[in-house]
Every structure is written in structure tokens, then in C-alpha cells.
Amino acid sequence: MLAVKKVLNNNVIIAHHPDYNEVILIGKGLGFGKKNGELVAGEQAEKFFVLKEAKEQERYKKLLHYIDEDFIGLMNDVIEHVEERFSIRLHEHIHSALTDHLFYAVKRVKQKLDIKNPFLPETELAYPKEFDVAAEIIARLNQELSVSIPPDEIGFVALHIHSALTKRSIQEVNQHTWLIGEIVQEVENTLQLTIDRKDINYLRLVRHLRHSIELINKDQYDDNQDALKDILQAQYPVCYELASTLLEMMEQSLEKKVPEAEAVYLTLHLQRIARR
């Protein structure tokens, strides 16, 4: 038996759990008529999850003031589906962050407002597994809510999933995605070409950038390519100079020193793209 700590609405309560301390319990009519301190059987709840951080509890409580209970229930099903697909417990911030995001996405669609995602291709390439699950979520919402959420929204949902999987803030994940998009734009402008988003060399560049940015951000990038540096600088001066510019962009965005070895790898990627 669990003790009710606070009734959030007729279907959602906060209860004291012997192992997890405070938990969120969800079930039809679970909170109706319940008072603080009253005991409730755990099996009465259809679902429960733990919000350990006080700020996440407060964010989730605020959602219930403006989001209807049916949508809350649907989102909890969606989050459970993501956890099943990845066989992992997601970071708890996804309960408030993704619910809030998709609530307003649906609202914009119903108001016939555009949803544009300029970095959709980069997101799909950088996070393919998250992107596939995000596509499933958008399809489900479209069917159950009788709306037509545009494909651009898949990219935003994929970033929320990646954020929860890696336990990184959505702001940080967004920043890295934006940086990759800006780098690609700089490459196209400097080399005066339009990159084929389906080209294998573009795929390799985006995935390399994603991996490098994460290593740099964690201060785990430790590589030395001095032997190749002078050769590539002489053989591919345009691509090497562009790679140096991209390093400056990365340093400015990440506020961290980027090893010069990264210029060597980027030069090789850029040369393949320029050659095509």
C-alpha cells in the first residue's frame, strides 16, 4: 500500500513509495475523493514513474494545470513505448519536456501554424534510431488525435528522445544539432555547391561531426595527426583552410579548445564531398 502525498487530478496522484520515495501514480479515477495520507493499493495504478528531482516534480505538476488528462495519459503511453524500444529507463525530464513540447506542437497544428525544422536531414543522420521511434510517435499522435503533424516535428521529438537517453539537457542537444547544421551551411557556401543529403560522404561527415562534438564536449578528444597535417595542408589547401574555419566555429559554439587533429579528419571528409 502507498500513502497519498498529493492529488494532482482525478487520474494522477503523488504517493510515497517504500523504495522510490515519491512516485507519480496514474490510473482512471485513482485520485477521485482521495485525501493526503490515505492509503492506495499500488495495483490500482495503471502506471507509475519516479520523479526524483524536485524541479522535475514541479514542472510536471504545472503541466496538469493546462494539459488535459487524456493527453497526459497518451504521453505516458508514448514514453513507455520509447523505453520499451530502447530497453532503458529514460531520464525523468522527458515526462515534462516532451509532453509540454508535443502539447504545443498539436496546438499549433490545430491553429494551422507552420512547423519548420531547418536541420531535419542532419537530425535524421545524426540520430537514426531516435528518428525512427520519433516517426512512430508522430504517426500515433496523428491517428489518435485526428491531426496532421508535419514530418518536420519528427526531428524535434528525436532530439528529446536523444536528450533523455543520454541524460543531457535538450538545450545542449539542440545546440549541437544547430552547430552541425551551421557547419554544413558553411561548407556549401565556401565550396559553392549543394550537398546531396543522400550521398554517403555527407552521411559520414554528419556522423563524424556528431561524434567529435560529443567527445570535445566531454573533454575526451585526444588524438594526434601531426604527420598528416602538413601533407593535407599542401595537397588540399582550400579544404584545409575551410576545416580550420569550421574548427573556429566549433570552439566558439562549444566554448572549448578543439584539437588540431580534427582539421585533418574534416579535410578528408571535405575533399570527398568537393570531389563529388
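**Exercise 1. Determine the handedness with which α10 passes α11, and describe how these two helices pack.**

Step 1. The crossing of α10 past α11 is right-handed, a term used when the near helix is turned clockwise from the far one by less than a right angle, anticlockwise being left-handed. The model is predicted, so that local features need pLDDT of at least 70 and side-chain atom pairs count only at pLDDT 80 or more, whereas totals for chains, interfaces and linings use all residues. Residues are numbered from 1 along each chain as its sequence is written, and side-chain values use heavy atoms, with hydrogens and water left out.

Step 2. The residues in contact (heavy atoms within 4.5 Å) are C239, Y240, L242, A243, L246, L247 and M250 on α10, and E262, A263, L266, T267, L270, Q271 and A274 on α11.

Step 3. Sorted by class, the contact of α10 with α11 comprises 11 nonpolar, two polar and one charged residues.

Step 4. Two packed helices are described by the angle between their axes and the distance between the axes. Here helix α10, residues 237-254, and helix α11, residues 261-275, pack at an angle of about 125°, and their axes are 8 Å apart.

Step 5. The two helices, α10 and α11, are therefore oblique to each other, the class left over when angles under 35 degrees count as roughly parallel, over 145 as roughly antiparallel and 65 to 115 as roughly perpendicular.

**Exercise 2. Trace the strand pairings of β1 and β2, naming bridge partners along the way.**

Step 1. Strand β1, residues 2-9, runs antiparallel to strand β4, residues 39-40, and two bridges join them; strands count as paired if DSSP finds at least two bridges between them. A3 stands opposite L39 in β4.

Step 2. β1 also pairs with strand β2, residues 12-17, in the antiparallel sense over five bridges, and a hairpin through two residues joins β1 to β2. Among the partners, K6 stands opposite I14 in β2, while N9 has V12 of β2 as its bridge partner.

Step 3. β2 pairs in turn with strand β3, residues 21-26, in the antiparallel sense over six bridges, and the hairpin from β2 to β3 passes through three residues. The bridge partner of H16 in β3 is E22.

**Exercise 3. Decide why β2 is described as largely enclosed by the rest of the structure.**

Five of the six residues of β2 are buried (under 20% relative accessible area, with a 1.4 Å probe and protein chains only), so β2 is largely enclosed by the rest of the structure.

Technical notes: Axes are lines fitted to C-alpha atoms, for helices over the stretch in contact, and angles run from 0 to 180 degrees between N-to-C directions. Helices (H or I, at least four residues) and strands (E, at least two) are DSSP runs, numbered from the N terminus. Ala, Val, Leu, Ile, Met, Phe, Trp, Tyr, Cys and Pro count as nonpolar, Asp, Glu, Lys and Arg as charged, and the others, Gly among them, as polar. Buried means under 20% relative accessible area, exposed over 50%, partly exposed in between (1.4 Å probe, protein chains only).
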